[in-house]
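The exercises below are meant to be worked through with the sequence and the 3D structure at hand. Try each task before reading the solution that follows.

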Amino acid sequence: MSTPQAIRGTQDIFGAEAEAFAHVVETFERVRKLYRFRRIEMPVFEKTEVFSRSIGETTDVVSKEMYSFEDRGGESLTLRPEFTAGIARAYLTNGWQQHAPLKVATHGPLFRYERPQKGRYRQFHQLDAEIIGAPEPQADVELLVLADQLLKELGIADGVTLMLNTLGDGASREAWRLALIDYFRAVQGQLSEDSQERLERNPLRILDSKDPRDKAFVADAPKIDDFLSGEAQDFFGAVTSGLDAAGVTWTRAPSLVRGLDYYRHTAFEFVTDRLGAQGTVLGGGRYDGLVESLGGPPTPAVGWAAGIERLAMLVGEVPTQQDVEIALVPRGDLAEALALEVFYILRRAGVGAELAYRGSPKNRFEKAKKAMIPRLLDVGSSDGEIGVLLIRDINVAETSPEPVRKRIKDALSQHFVITDPNPEFPRSIHLVRRK
RNA sequence: GCGAUCGUAGCUCAGUUGGUUAGAGCGCCGGUUUGUGGUACCGGAGGUCGUGGGUUCGAGACCCAUCGAUCGCCCCA
């Protein structure tokens with residue numbers, strides 16, 4: 001019998017990587033509460049049009065990366081390739097307007113049919129934070145400060161920089177786009193093949209190109225700053241001064257653009273050079289046009305998403321807190337039952353205990369050592385009623401074993417009478433079952 | 001979707017210009033020794049060499065295809 005393989009681009013996460021993954025999510029949950037973003041849960045799939053209408057038909061994500069399929073009723077559905085569109089849909093269909101401005105956060109799996117690479121998967125996971133219904137630049141600032149604090153609390157802020165740009169309002173962006181098309185069309189033949197393609201579909205993307213043939217022209221390409229309306233300028237100014245006031249360092253990146261159609265005004269990425277080609281760790285921006293494209297009223301909104309796998313890779317080894325405090329080692333068959341009883345008494349009392357199911361006392365002891373469990377409860381028994389327990393500390397450097405020892409004694413004393421220890425073995429505890 | 005590198009035990013790898021029963025370390029299982037201990041020693045299990053074809057007297061090594069991983073492009077978080 002052959003074993004089916006996992007699907008390409010999916011991952012089974014275990015061990016240190018799983019710990020790092022959980023650490024990222026837990027840190028996000030903590031910081032998000034601090035900033036009072038409300039937790040939401042979203043479906044993993046939506047009607048295909050939710051994404052095609054909002055993200056843009058011509059974008060790569062929609063045109064070649066979506067997992068779309070017909071359900072048994074003949075409806076076209078799509079596994080979510082991102083959070084924002086679904087959240088905008090939920091905002092409309094659930095009447096969340098009544099809570100505007102609404103600050104929400106979520107996390108979970110997303111799906112994109114891409115060539116897998118390190119830090120890029122077909123099922124990947126993101127953190128997501130959005131503010132819907134707030135036209136003020138302060139909303140952009142709050143979101144960015146949240147992102148900044150998250151990275152700091154994860155301990156990875158040092159290698160990561162905030163690249164910031166504005167795309168202007170709809171009119172600014174369109175004027176700039178046309179100017180870019182004019183500019184690049186004049187030199188079309190000298191651009192890379194990719195960029196010649198991009199010229200029609202998404203000319204802003206040419207600015208991002210890594211191809212030296214393109215870079216030669218990018219330097220002198222029209223700048224967004226020349227097309228910004230006064231309002232758009234003021235808006236961006238308010239965002240940057242807000243960041244300065246909050247003590248968030250940023251770098252202006254005039255050629256930073258976003259691939260999805262719905263972005264306006266603020267656009268940003270937190271990037272690192274420590275992940276090779278997948279350098280963007282968190283990205284987002286303002287998407288004032290999105291809710292409208294789903295048939296809703298004009299609704300200003302900002303948001304970002306961050307790749308959990310990429311953050312977890314930067315975090316590296318997470319110091320796993322020592323939650324197993326004591327290992328029980330029974331000696332002999334009679335002690336086995338007593339150990340089991342003590343084991344569950346301790347766990348119910350909140351003491352992290354471990355009991356290996358099999359092996360000789362020596363074997364179980366070796367296991368405890370290897371698992372780095374700092375304390376050992378040596379369970380002996382001379383008959384069914386009287387037990388001799390001996391607490392040993394494996395780690396001699398342990399500064400204060402007494403509090404734990406006291407917690408253990410307190411828990412046991414509810415079920416056993418603890419008699420005076422034998423002076424020969426001062427660390428032993430003698431137990432007699434309470435009637 | 002394009003280009004490149006790689007795929008041998010649970011893990012990390014070795015395997016010489018193609019040549020007998022494919023190896024090591026760690027891990028795992030069992031045992032001996034050790035009674036404040038992460039020791040030492042002995043033994044054991046575990047591999048259709050990613051998969052499928054081909055070349056050859058003979059393939060883990062060479063060729064083709066396929067699947068997967070990695071790196072870059074593209075895209076994006």
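Angles between axes of 65 to 115 degrees count as roughly perpendicular, angles under 35 degrees as roughly parallel, angles over 145 as roughly antiparallel, and the rest as oblique. The structure shown is a predicted model, and its chain A contains 14 helices and 17 strands.

**Exercise 1. Describe how α2 and α4 are placed relative to each other, and find the residues that make the contact.**

Solution. Begin with the axes of α2 and α4, which come within 9 Å and cross at roughly 105°. Because this angle falls in the range from 65 to 115 degrees, α2 and α4 are roughly perpendicular to each other. Next, look for the residues that touch: Val50, Phe51 and Ser54 supply the side of α2, while Ala85, Gly86 and Arg89 supply the side of α4. Sorted by class, the contact of α2 with α4 has 3 nonpolar, 2 polar and 1 charged residues.

**Exercise 2. Work out how much of helix α4 is buried, and which elements its buried residues pack against.**

Solution. Helix α4 runs over residues 84-93, and 7 of its 10 residues are buried, so that the helix is mostly covered. The cut-off needed here is a relative accessible area under 20%. The buried residues of α4 are Thr84, Ala85, Gly86, Ile87, Ala88, Ala90 and Tyr91. Around them, the packing partners are the strands β2 (45-47), β5 (102-111) and β6 (123-132), together with the helices α2 (48-55) and α10 (290-293). Then follow the chain onward: just after α4, Gly95 takes a positive phi of about 65°. In the loop between α4 and β5 lies Pro101, which is joined to Ala100 by a cis peptide bond with an omega of about -5°.

**Exercise 3. Helix α1 packs against α5 and against α11; determine the angle, handedness and residues of each contact.**

Solution. Take first the pair formed by α1 (residues 15-34) and α5 (residues 137-153), whose axes come within 10 Å and cross at roughly 140°. That angle makes α1 oblique to α5. The crossing of these two helices, α1 and α5, is right-handed. From α1 the contact draws on Thr27, Phe28, Arg30, Val31, Arg32 and Leu34, and from α5 on Leu146, Gln149, Leu150 and Glu153. By class, the contact of α1 with α5 has 5 nonpolar, 2 polar and 3 charged residues.

Turn now to α11 (residues 308-315), which packs with α1 at an angle of about 110°, the axes being 9 Å apart. The two helices α1 and α11 are therefore roughly perpendicular to each other, and α1 passes α11 in a right-handed crossing. Here Ala20, Phe21, His23, Val24 and Val25 of α1 meet Ile308, Glu309, Leu311, Ala312 and Val315 of α11. The residues of the contact of α1 with α11 divide into 8 nonpolar, 1 polar and 1 charged.

**Exercise 4. Find what Ala339 and Ile345 touch, leaving aside residues up to four places away in sequence.**

Solution. Locate Ala339 in helix α12, which covers residues 333-348; Ile345 has its place in helix α12 as well. Ala339 has a relative accessible area of 0% and is therefore buried, and Ile345, at 7% relative accessibility, also counts as buried. Ala339 touches Leu328, Pro330, Leu355 and Val379. Of these, Leu355 is 16 residues away along the chain, and its C-alpha atom is separated from that of Ala339 by 8.2 Å. Ile345, for its part, touches Ala411, Leu412, His415 and Phe416. The C-alpha atoms of Ile345 and Ala411 are separated by 6.8 Å, although the two residues are 66 apart along the chain.

**Exercise 5. Arg36 and His265 have a positive phi; decide for each whether the residue is buried or exposed.**

Solution. Most residues other than glycine have a negative phi. Arg36, however, has a phi near 60° and lies in the loop between α1 and β1 (38-39). With 67% relative accessibility, Arg36 counts as exposed. His265 has a phi near 55° and is part of strand β9, residues 264-272. Its relative accessible area is 10%, so His265 is buried.

Note on methods
Residues numbered from 1 in each chain as written. Chains lettered and ligands numbered in written order. Predicted model: local features only at pLDDT ≥ 70, side-chain atom pairs only at ≥ 80, totals over all residues. Heavy atoms only, no water. Axes fitted to C-alpha atoms, helices over the stretch in contact; angles between N-to-C directions. Helix = DSSP H or I, 4+ residues; strand = E, 2+ residues; numbered from the N terminus. Left-handed = near helix turned anticlockwise from the far one by under 90°. Contact = heavy atoms within 4.5 Å. Nonpolar A, V, L, I, M, F, W, Y, C, P; charged D, E, K, R; others polar. Buried < 20%, exposed > 50% of the residue type's maximum accessible area, 1.4 Å probe, protein only.
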